[in-house]
Amino acid sequence: MQENIPTPNKEDIEWAYLLWNSMTVGGEWTLPSVGVYERTGEVELTLKEIHYSTPLTDAVTSVFDQHHWIMVLADLIGWRIEEKVERAFDHTIEVNIPDEMLGDVSICNARCGAMFRVEPLSTGVNYTMIDDDATCPCCGGKNCVDDVLKGVHVVLDDGGWVLKQARIAQNKIIAEEE
Ligand SMILES: [Zn+2]
């Protein structure tokens, strides 16, 4: 959990208590930028949908931390939060992760260092959709990603890309100094 996420205060606790208790069991509550919770019991909410609507770089911390914040809040008033995510949306696009591709790993054809993994839906993970041109999200090269990944939401591992960029920048500085 990020330090910039405040601990729930008295108003937050009252707000949650009133809001959740006013819901009927089976009723849904949409928390913007996080997702949809359903009241699944007397003192239980279940996260059913995830909404990634914040910018890419903040998405991991915001969705995950806000969901975590809700869990902390729930704990304070004696509620439970379950997770049973069935659908997720990236802005307004439904996140598409075909079951039969789970575990697939591939790399950018331009060998820019980017790696793509097909992983199951989770609140703690950020997904990037590969577009119809198979554009690599790191180097921007077209037709750089396996065709089968077009329209699929992948987990982008840019560790190799970052290392390469650092090396290229370093070489440039050396070249300029000579
Ligand atoms: Zn690339």
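**View 1. A134, a partly exposed residue with a positive phi.** In this predicted model, A134 counts as partly exposed, with 19 C-beta neighbours inside 10 Å. Burial would take 20 or more such neighbours, so A134 stays in the class between buried and exposed. Look for A134 in the loop between β8 (128–129) and β9 (153–157). Its phi is near 55 degrees, a positive value in a residue other than glycine. Most residues other than glycine have a negative phi.

**View 2. R111, an exposed loop residue.** Here we visit the loop between β6 (105–107) and β7 (115–117), where R111 is found. R111 is not a glycine, yet its phi is positive, at about 55 degrees. R111 has 12 other C-beta atoms within 10 Å and is therefore exposed.

**View 3. V145 and the largest nonpolar core.** This core has 13 residues. Those with the most contacts inside it are C108, C112, A114, C136, C138, V145 and V154. Leaving aside residues up to four places away in sequence, V145 touches C108, F116, I130, A134 and C136; A134 is the loop residue with the positive phi from View 1. A second, separate core has 6 residues, including V34, Y52, F64 and A88.

**View 4. The open sheet and its edges.** Follow the 5 strands in the order β1-β2-β3-β4-β5, and you will meet mixed pairing along the way. β1 (28–31) and β5 (93–94) each have a single partner strand, so one side of each is left without a neighbour in the sheet. At the β1 edge, β1 pairs with β2 (residues 35–41) in the antiparallel sense over 4 bridges. Within this pair, W29 stands opposite Y37 in β2.

**View 5. Where domain 1 touches domain 2.** The domain assignment of the protein chain gives domain 1 (10–89) and domain 2 (99–165), and their C-alpha centres lie 29 Å apart. The contact takes 11 residues from domain 1 and 4 residues from domain 2. On the domain 1 side, β3 (44–52), α2 (56–76) and β4 (80–90) each supply at least two residues. The largest share of that side, 6 residues, comes from α2. By type, the domain 1 side divides into 9 nonpolar, 1 polar and 1 charged.

**View 6. Helix α1, hardly covered.** Helix α1 (residues 10–22) has 13 residues, and the count of buried residues among them is 0. From its first C-alpha to its last, α1 reaches 18 Å, close to the 18 Å expected at 1.5 Å a residue.

Key
Residues numbered from 1 in each chain as written. Predicted model: local features only at pLDDT ≥ 70, side-chain atom pairs only at ≥ 80, totals over all residues. Pairing = 2+ DSSP bridges. Domains from an automatic or database assignment. Contact = placed C-beta atoms within 7 Å. Nonpolar A, V, L, I, M, F, W, Y, C, P; charged D, E, K, R; others polar. Expected span 1.5 Å × (residues − 1). Core = buried A, V, L, I, M, F, W, Y, C linked by C-beta atoms within 7 Å.
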